[in-house]
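User: I'd like to go through the labels people put on a fold and see what backs each one up. Can you take me through them?

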Amino acid sequence: MSRSPSFKVKEELSPSHDLESLQRWIVAFCAIRFDLEQGQLVEVCYPPGSLTNDEELEIAYSSFPDSISQQQNRPSIHDCIFFFRFRRHLKSQSSNATHSEITELDKEFSPQAIDKNNVGKELSITSSVDVSKYMYGFVFNRQRHDERLKRGGEQKSVVILSHSPYSSVFRPLLQIIGPLYFDIGKVALEHIAAYVSTWPAPVPGKLMGLPIGNETLKVNLPPAHSLPMENGLSIDESASPVAPLLPNNQSIPQGLFHDADIFGAFRGILLQLWLLWELLLIGEPILVIAPTPPQCCEAVASLVSLVAPLLCSVDFRPYFTIHDPEFAQLNSIQEGETFPPMVLGVTNLFFLKAFRNIPHIVSVGSPHPGSNRVALSTRSSTGRVSSRPEGGLQQHSLQKFSPSSLLNAMKLRRDGPLCLMTEHKEAIWTTHPATTKPDTSILNRLIDAGMSPRVEESMSVVNNEILRRHFLELTTNFLAPFGPYFRITAPLEGSSPYADPPSLPPFSADEFLSCLSARGPGKFILKRMKSNWLNFYRRFLNGPNFMPWFQRRRAVAEREQDRLWRHARMKADIGQLISKMSELEIVDSFNVIEKLLHTELQLQQPGNGSIDSRETCEKLKRDLQAVFNALTKDMQQLMLSNPERASLLQSIAN
């Protein structure tokens, strides 16, 4: 991993930056050194004061692998990139929310706090602290092995801190800033910050060109519907159908971590991807174990990407360590208590003993040569445990049933995940009864590239597109039965748009399941799921992913419906509509237009008004005056008896 030879810091560029522009993308850069006597030390935090002392300490502990990479006895440099996610507990400059407020918000929007049997007309989803709840740390770690140094080496990490999970941006940026920092020191962070502060604001779901030195990063950002919300819905979030047509261009992201290597992360247990998709969809806790931080991060990111376009509300931690403040709480869970819905990526085998109550454990990746973990020799099974063989793809997940494979599966189940303490295996341990049948036709399309790294990389791209497209299709078809609850109504041609839009259909979990049982979930799902599919839907409704996704979809649909009715009012010929109305209908129209006008006038408050809102306001004023003029004299006098209304009409007339 090295910096592009063509990248150079422009000497004429002043390393000054605009803090507000910088923090649209990045909160801070950190350089952290592992000191043999004092532990992890933050050498640089830029811009200064961006993080609290507790946050700096937590970041420092999460920025190093749990163990030193074992290399040959000669000087060498080992670089790796990974990322972690942690909760911001304390009040900071970028958030006015205290920890207690965040906790209360968590309770307010938890699945247990919402009655799924009575979801009314309007579902409010204004969470001003969601973006500040979690922060992502993207790490460039360098381990230098040299027998002349204490303990035979040293290690440092360069970390990018952001509120946004833009892995497609920060991974390539790390490949520049990491080696550059080791070349020229702190000035590298200052110059990169200056470049980033010149970037335009992030546009979710779009391809962006981001200049950095004499290079330009071409990156696809995840869509708005997959990102945490800041002060309600994003203006970029459109009311696309709940089961959209699959995009022809696979480079267009449909969810978080569109660049994750699903095939590489789960190559040894591809047959279990459908089971893992189910577990994440219903929000089951999962422990992902891998030999290295990059491998466990890739696996967790791949899992999250499997459920696109669903908004993933499960708390996922790509790289979790015993130093995380939440470890003590999780470690105190007693036998019989429920583990919270989380996906934890770890490399420390201690977690196998600490988290004995976690019901689903996945082991992925392969140890580096020379590691103290012993890689399992070629072995395979057809049960819920398997491992990567040395043969081709056809051998590794689709082997026919044999007595030896059955014995291996029984042995792994009997030994349990603690067998990873002695030798590493790619395997999964779970008691979850799978509903979705693995699609072997998809697995048969995957290509095994052999041992050539260049061919391996290109084939992984093809394989990931096949897998990602399949699971996107699977998820959208699974969500399709909820489509009627997001169906919007536009004004009929020739009818008056000066009325309250009809409410979206109310949602009741019991009624939904009853109707679904009668009509079925559709041919696509019926073909791929077993007879217990209805119970799977029931578990999805009770899980942590359903209600946040459903609320957000409803709010998007309501906003889109409101937009259509506003557009119809702008185009309406009020004179022509009045000519077809009775006196009672004219009075009703007056009351509706007056209410709509008051709403628009509130949007005209300083800092809130937009050009569209001002144009709508002027149109409503003209229409209100026209309807008032069409009323009888007696009705006009009655309307003017209200001082506030009289003042409004007087201001319009003037």
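Analyst: What follows is a short round of questions about the labels used for this predicted model.

User: Let's start with helices H16 and H18. Why are they called roughly antiparallel?

Analyst: The axes of H16 (residues 509–519) and H18 (residues 533–542) cross at roughly 160°. The label needs an angle over 145 degrees, therefore H16 and H18 count as roughly antiparallel to each other. Their axes come within 11 Å, and the crossing of H16 past H18 is right-handed.

User: Which residues make that contact?

Analyst: From H16 you have Ala 509, Phe 512, Leu 513, Leu 516 and Ser 517. H18 brings in Trp 533, Leu 534, Tyr 537, Arg 538 and Leu 541. Sorted by class, that's eight nonpolar residues, one polar and one charged.

User: On to the strands. What makes E2 and E3 edge strands?

Analyst: Each of them pairs on one side only. They belong to an open sheet of five strands, ordered E2-E1-E5-E4-E3, with antiparallel pairing. From one strand to the next the twist averages 20°.

User: How do you know that E1 and E2 pair?

Analyst: Pairing takes at least two bridges, and E1 (residues 28–35) and E2 have seven, in the antiparallel sense. One example is Cys 30, whose bridge partner in E2 is Cys 45.

User: And what backs up the pairing of E3 and E4?

Analyst: The cut-off is again at least two bridges; E3 and E4 have 12, also antiparallel. Asp 79 stands opposite Arg 142 in E4.

User: What makes E3 mostly covered?

Analyst: 10 of its 12 residues are buried, and buried means under 20% relative accessible area.

User: What makes E6 a strand with alternating side chains?

Analyst: Go along residues 207–212: Met 208, Leu 210 and Ile 212 point to one face and are buried. Leu 207, Gly 209 and Pro 211 point to the other face and are not buried. That fits the general picture, in which the side chains of a regular strand alternate between the two faces of the sheet.

User: How do you know that E6 pairs with E7, and what do they form?

Analyst: Six bridges join E6 to E7 (residues 215–220), where at least two would do, and the strands run antiparallel. In E7, Thr 216 is the bridge partner of Pro 211. E6 and E7 form a hairpin with two residues between them, and Gly 213 in the turn has a positive phi of about 65°.

Conventions:
Residues are numbered from 1 along each chain as its sequence is written. This is a predicted model: local features need pLDDT of at least 70, side-chain atom pairs count only at pLDDT 80 or more; totals for chains, interfaces and linings use all residues. Side-chain values use heavy atoms; hydrogens and water are left out. Buried means under 20% relative accessible area, exposed over 50%, partly exposed in between (1.4 Å probe, protein chains only). Helices (H or I, at least four residues) and strands (E, at least two) are DSSP runs, numbered from the N terminus. Axes are lines fitted to C-alpha atoms, for helices over the stretch in contact, and angles run from 0 to 180 degrees between N-to-C directions. Angles under 35 degrees count as roughly parallel, over 145 as roughly antiparallel, 65 to 115 as roughly perpendicular and the rest as oblique. A crossing is left-handed if the near helix is turned anticlockwise from the far one by less than a right angle, and right-handed if clockwise. Contact means heavy atoms within 4.5 Å. Ala, Val, Leu, Ile, Met, Phe, Trp, Tyr, Cys and Pro count as nonpolar, Asp, Glu, Lys and Arg as charged, and the others, Gly among them, as polar.
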